[in-house]
Amino acid sequence: MTGGPVTGGPVTDGPVTQPAAIVSGVGKAFGARQVLRDVDLQVDAGQFVALLGASGSGKTTLLRLLLGLEAADTGRVLVPAVRTTVFQEPRLVASMRVWRNVVLGLPKATRQVALDALSLVGLAGHADAWPGTLSGGEAQRVALARALVRRPDLLLLDEPFAALDALTRLRMQGLVADLVGRFRPGVLLVTHDVEEAVLLADRVMVLKDGHISLDVTVDLPRPRRIGGPEFDGLRDRFLAELGVVDAQRHQPAPVVGDDGPLRLSASADPNA
Ligand SMILES: Nc1ncnc2c1ncn2[C@@H]1O[C@H](COP(=O)(O)OP(=O)(O)OP(=O)(O)O)[C@@H](O)[C@H]1O
Ligand SMILES: [Mg+2]
């Protein structure tokens with residue numbers, strides 16, 4: 001595994017051995033706004049990490065640092081060369097057929113390579129479709145195929161299910177859990193959804209006040225279901241850290257902020 005092209009500033013890029021990503025003492029400001037102050041975070045190879053945080057807490061900024069799209073002001077970011085991402089929206093090229101989107105930027109990739117990746121997400125039959133004809137869930141599955149076809153060591157997911165309806169969201173969560181279990185990239189999933197984080201992740205972190213304020217290993221057996229004392233205990237702990245629920249009294253906090261940033265939904269089991 002080699003270091004990727006994280007550019008600019010004092011960020012040092014370099015080889016990563018076992019971990020899929022290391023963020024160490026990272027700070028990032030936009031003008032006078034200090035978004036990240038001192039972020040330490042490690043994603044181990046094959047580990048699924050979920051990152052929770054209120055709107056504007058810097059989650060996407062952190063992902064962009066890991067992708068090399070942004071440079072940190074301070075600290076170090078170590079990433080593998082092959083890292084891919086799925087955003088909230090699929091970002092497909094409308095003028096290219098689905099299969100070409102999947103292998104876009106891969107010079108030697110053939111149609112068969114694209115078809116194999118599309119099969120993983122159940123869309124081989126849509127290989128020759130135009131992106132504009134796909135449903136939202138199908139388009140996100142194409143984006144997932146595009147991310148997986150590169151066989152990433154680090155898969156970065158920025159709220160990839162957020163724009164989907166509840167049922168499609170559950171199916172996508174199950175699909176991601178299945179494919180990640182098979183290919184074992186390190187995963188960093190940014191989400192507002194606390195239950196989604198507990199359902200999917202090996203570790204859940206909270207980004208607050210510019211640093212990782214909580215980092216908890218989720219030991220629940222898989223496949224997981226929402227509910228039960230351990231699940232609820234973890235969920236309430238994260239909600240309390242996010243300021244949404246008083247973990248002692250299980251009451252909604254009086255004020256969350258203008259955005260109402262934290263979702264309590266996803267009340268079904270993606271593995272069902
Ligand atoms: N290129 C930029 N220029 C100026 N400010 C920026 C830039 N990118 C992000 N910010 C600011 O940094 C802060 C964090 O943004 P970021 O997108 O990382 O938040 P987030 O945690 O992903 O929020 P959300 O959950 O709403 O997606 C915000 O206040 C945002 O306005
Ligand atoms: Mg964001």
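Trainee: What makes G122 stand out just after α3?

Mentor: G122 takes a positive phi of about 75° just after that helix, where a helix is a DSSP run of H or I of at least four residues, a strand is a run of E of at least two, and both are numbered from the N terminus. This is a predicted model, in which local features need pLDDT of at least 70, side-chain atom pairs count only at pLDDT 80 or more, and totals for chains, interfaces and linings use all residues. Residues are numbered from 1 along each chain as its sequence is written, and ligands are numbered from 1 in the order in which they are written.

Trainee: Which residues of α3 are called buried, and why do they line one face?

Mentor: In α3 (residues 111-120) the buried ones are A114, A117 and L118, since buried requires 20 or more other C-beta atoms within 10 Å of the residue's own, with C-beta atoms placed from the backbone. Seen down the axis, they fall within an arc of 100°, so they line one face of the helix, the arc being that of the directions from the helix axis to the C-beta atoms.

Trainee: What do the buried residues of α3 pack against?

Mentor: They pack against α2 (98-102) and α4 (136-148), a contact being two C-beta atoms, placed from the backbone, within 7 Å.

Trainee: How do you know which residues are around ligand 1?

Mentor: A residue is near a molecule if its C-beta atom, placed from the backbone, lies within 6 Å of it, and the residues around ligand 1 include F30, R33, K59 and T60. The largest share of that shell, three residues, comes from α1.

Methods. Buried ≥ 20, exposed ≤ 12 C-beta atoms within 10 Å, placed from the backbone.
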